[in-house]
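Biologist: Could you take me through one part of this protein up close? I'd like to hear about one of its pockets, and then whatever else helps me find my way around.

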Amino acid sequence: DSTEGATATAELLDLFDHPKHTGTLVAPTTPSTVRVAGLVLTHQGRTSPSLSVEDLEVQPGEFVAIVGPSGSGKSTLLDVLLGFEAADQGDVQVGGTPIADLDIVGWRESIAWVPQTPHLTAGTIGQNVAMGFPGASDEQLAAALDSAGLDVPLDRVVREGTVDLSAGERRRLAIAKALLRLKLGDAWLVLLDEPTAGLDAEREAHVLAAFRATGATIMAVSHRPELVAGADRTVEVV
């Protein structure tokens with residue numbers, strides 16, 4: 001137990017020991033071009049890059065599917081866009097301004113994010129969805145759940161972690177939260193990491209149509225042929 005505790009403490013300290021964001025510029029509040037150029041990121045302990053993107057430009061309102069083999073860095077690219085990781089070299093710009101120069105809190109307000117493994121917080125389904133836009137009405141929360149294809153009551157109690165909902169239900173809850181941010185908040189960029197994994201074709205089409213209807217810029221990591229086929233274009237990360 002002592003060894004495990006020491007290891008956990010060391011990992012926590014590593015999380016705190018990283019370059020802090022010092023940008024102060026106001027992030028774009030309207031859809032803007034996202035540009036990635038000459039991006040290289042190598043994780044500690046690796047000899048080859050974890051992510052390498054020569055040139056990627058996403059226009060406002062475009063739906064881009066990001067594909068590539070497992071381990072090619074697709075999820076890492078989303079982490080860089082979110083400001084969770086910093087590249088070793090290269091440039092990531094939004095509306096012509098490097099992300100590193102933006103106020104990171106304001107920038108993240110512009111993003112609706114659905115991670116590959118969404119997390120639950122202790123409370124109700126409604127409280128979890130409302131994290132996308134605090135203050136949303138029950139009607140708005142229910143509408144977001146319906147758009148995400150999740151038929152569960154708002155007052156259903158869930159515990160922190162993952163045991164109370166299936167993997168597909170957790171993803172749809174995260175999708176509902178993202179849709180709420182897009183419809184009621186300031187978000188205009190959607191970052192999706194395998195959002196429709198575990199969903200049947202009908203529910204997948206329903207979810208993709210809901211995101212399309214928002215008019216937001218969408219960058220989606222996926223292996224699913226249906227999602228890739230529904231995108232405006234495909235970008236391969238190798």
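Modeller: Let's start with helix 6, since this helix gives the most to the lining of the second largest pocket: five residues. Keep in mind as we go that this is a predicted model. Helix 6 covers 167–184, and it shares the job with helix 3 (104–108) and strand 6 (111–114), each of the three supplying at least two residues of that lining. How much space lies in the second largest pocket? About 480 Å³. Around that space you can count 21 lining residues, and the closest to the centre are W113, P115, M131, K177 and R181. As for the chemistry, the lining splits into 13 nonpolar residues, four polar ones and four charged ones.

Now leave the pocket and look for strand 10, residues 217–221. Is it mostly covered or mostly open? Mostly covered: five of its five residues are buried. You can check this face by face, with T217, M219 and V221 buried on one side, and I218 and A220 buried on the other. Strand 10 also has strands paired with it. Strand 3 (residues 63–67) runs parallel to strand 10 and is joined to it by four bridges; in this pairing, A65 sits opposite A220. Strand 9 (residues 189–193) is parallel to strand 10 as well, with five bridges between them, and here D193 has V221 as its bridge partner.

There's also an open sheet to find, made of four strands in the order 2-1-4-5, with antiparallel pairing. Its edges are strand 2 (51–58) and strand 5 (97–98), each of which pairs on one side only. Helix 2 (residues 74–82) packs on this sheet, where it touches strand 1 (34–41), strand 2 and strand 4, and its direction makes about 115° with that of strand 1. Over at strand 5, two bridges tie it to strand 4 (residues 89–94), and the two run antiparallel. If you want a spot to zoom in on, try Q93, which stands opposite P98 in strand 5.

One last stop is T124, which belongs to strand 7 (residues 123–124). Why does T124 count as buried? Because its relative accessibility is 19%, and the cut-off for buried is under 20%. Setting aside neighbours within four places in sequence, T124 is in contact with L154, D155, R156, V157 and V158.

Conventions. Residues are numbered from 1 along each chain as its sequence is written. This is a predicted model: local features need pLDDT of at least 70, side-chain atom pairs count only at pLDDT 80 or more; totals for chains, interfaces and linings use all residues. Side-chain values use heavy atoms; hydrogens and water are left out. Two strands pair if DSSP finds at least two bridges between them. Contact means heavy atoms within 4.5 Å. Axes are lines fitted to C-alpha atoms, for helices over the stretch in contact, and angles run from 0 to 180 degrees between N-to-C directions. On a 1 Å grid over the protein atoms alone, a cavity is a set of points where a 1.4 Å probe fits but cannot get out, and a pocket is an open set with protein on both sides within 12 Å along at least five of seven lines; lining residues have an atom within 4 Å of a point. Grid points are joined across faces, edges and corners, and a volume is the space filled by probe spheres set on the points. Ala, Val, Leu, Ile, Met, Phe, Trp, Tyr, Cys and Pro count as nonpolar, Asp, Glu, Lys and Arg as charged, and the others, Gly among them, as polar. Buried means under 20% relative accessible area, exposed over 50%, partly exposed in between (1.4 Å probe, protein chains only).
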